[in-house]
Amino acid sequence: MSVKINESWKEVLNTEFESDYFLELKNFLIEEKQHYTVYPCGSQIFAAFDLTSFDEVKVVILGQDPYHGPGQAHGLCFSVPQGIKPPPSLQNIYKEIESDCGIKISGSGNLEKWARQGVLLLNATLTVRANQAGSHQNKGWEIFTDKVISTLSDQQQGLIFILWGNYAQAKASLINPQKHYILKAAHPSPFSVYRGFFGCKHFSKTNDLLRQMGKKEIDWSL
């Protein structure tokens with residue numbers, strides 16, 4: 001796995017790519033690909049970083065795992081490529097956007113437009129074995145993505161971290177609440193969406209905060 005990632009991230013994460021755990025992770029992925037199908041494809045593993053440079057991050061949405069079905073994962077959490085049906089969690093995100101902001105989204109599940117506006121769509125684990133959710137957890141990706149979160153917290157100011165579900169909310173310990181904003185709600189999956197995701201108004205709250213900081217709001221429409 002050759003690391004293809006935006007130069008701005010290479011500068012702040014260079015020591016991670018040279019570390020022992022990352023070398024072990026690369027070796028694991030090389031071995032894994034010899035026996036299984038792995039998602040997303042190699043060129044898209046760091047898509048979130050390529051579409052949102054380090055200096056342009058305004059908002060971080062944290063997911064857990066890439067989608068593990070054919071053609072779904074393309075390196076952005078909750079997002080699927082154009083032409084792929086939006087999965088249930090993403091459909092629920094769209095329902096909340098419509099309720100919160102009056103924006104109706106139909107068809108596209110591709111969130112690249114958000115990423116290009118400064119929304120880092122970060123999964124905690126960046127790869128997965130086909131049809132096996134969670135299969136690449138605890139192989140080193142979480143060390144890397146935890147470092148991404150803590151580096152953003154340390155080196156940036158006034159970021160908005162959106163944490164849906166218990167897994168994402170556990171990452172709040174990596175974020176300095178004196179410098180950044182943390183929005184928490186239930187996960188948008190069908191199993192938990194009625195436990196506080198619907199009605200969380202995170203999309204309008206994010207734009208309210210950006211406006212207060214004098215930053216350009218996110219256009220959530222797709």
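**A tour of salt bridges and one sheet**

Start by selecting helix α8 (residues 202-212): Arg211 and Asp208 both lie in it, three residues apart, which is about one turn of the helix. The model on screen is predicted. Show the two side chains and look for the contact between them. Arg211 and Asp208 form a salt bridge, with 2.5 Å between the closest N and O atoms.

Next, colour the pair by accessibility. Arg211 is partly exposed, at a relative accessible area of 45%. Asp208 also counts as partly exposed, at 33% relative accessibility. Neither value is under the 20% cut-off for buried or over the 50% cut-off for exposed, so both residues fall in between.

Keep these two selected and add Glu217. What links Asp208, Arg211 and Glu217? The three residues are joined in a network of salt bridges.

How many salt bridges does the structure hold? There are eight. Two further ones are worth a stop.

Select Lys104 and Glu98. Their side chains meet in a salt bridge, at 3.8 Å from N to O. That distance is within the 4 Å cut-off, so the pair is counted. Is Lys104 buried or exposed? Lys104 counts as exposed, because its relative accessibility of 62% is over 50%. Glu98, on the other side of the bridge, is partly exposed, with 37% relative accessibility.

Move on to Glu112 and Arg116. The closest N and O atoms of this salt bridge are 3.3 Å apart. Glu112 has a relative accessible area of 23% and is partly exposed. Arg116 is exposed, with a relative accessible area of 55%.

Now leave the charged pairs, hide the side chains and switch to a cartoon view. Find the open sheet of four strands, whose order is β3-β2-β5-β6 and whose pairing is parallel. Which strands form the edges? They are β3 (119-123) and β6 (181-185), each of which pairs on one side only. Look along the sheet to see the turn between neighbours: on average, neighbouring strands are turned by 20 degrees against each other, with direction ignored.

Zoom in on the end of the sheet where β6 is the edge strand. Strand β5 (residues 160-164) pairs with β6 in the parallel sense, over five bridges. For a last selection, pick Leu163 and look across to β6, where its bridge partner is Lys184.

Terms used. Residues numbered from 1 in each chain as written. Predicted model: local features only at pLDDT ≥ 70, side-chain atom pairs only at ≥ 80, totals over all residues. Heavy atoms only, no water. Buried < 20%, exposed > 50% of the residue type's maximum accessible area, 1.4 Å probe, protein only. Helix = DSSP H or I, 4+ residues; strand = E, 2+ residues; numbered from the N terminus. Pairing = 2+ DSSP bridges. Axes fitted to C-alpha atoms, helices over the stretch in contact; angles between N-to-C directions.
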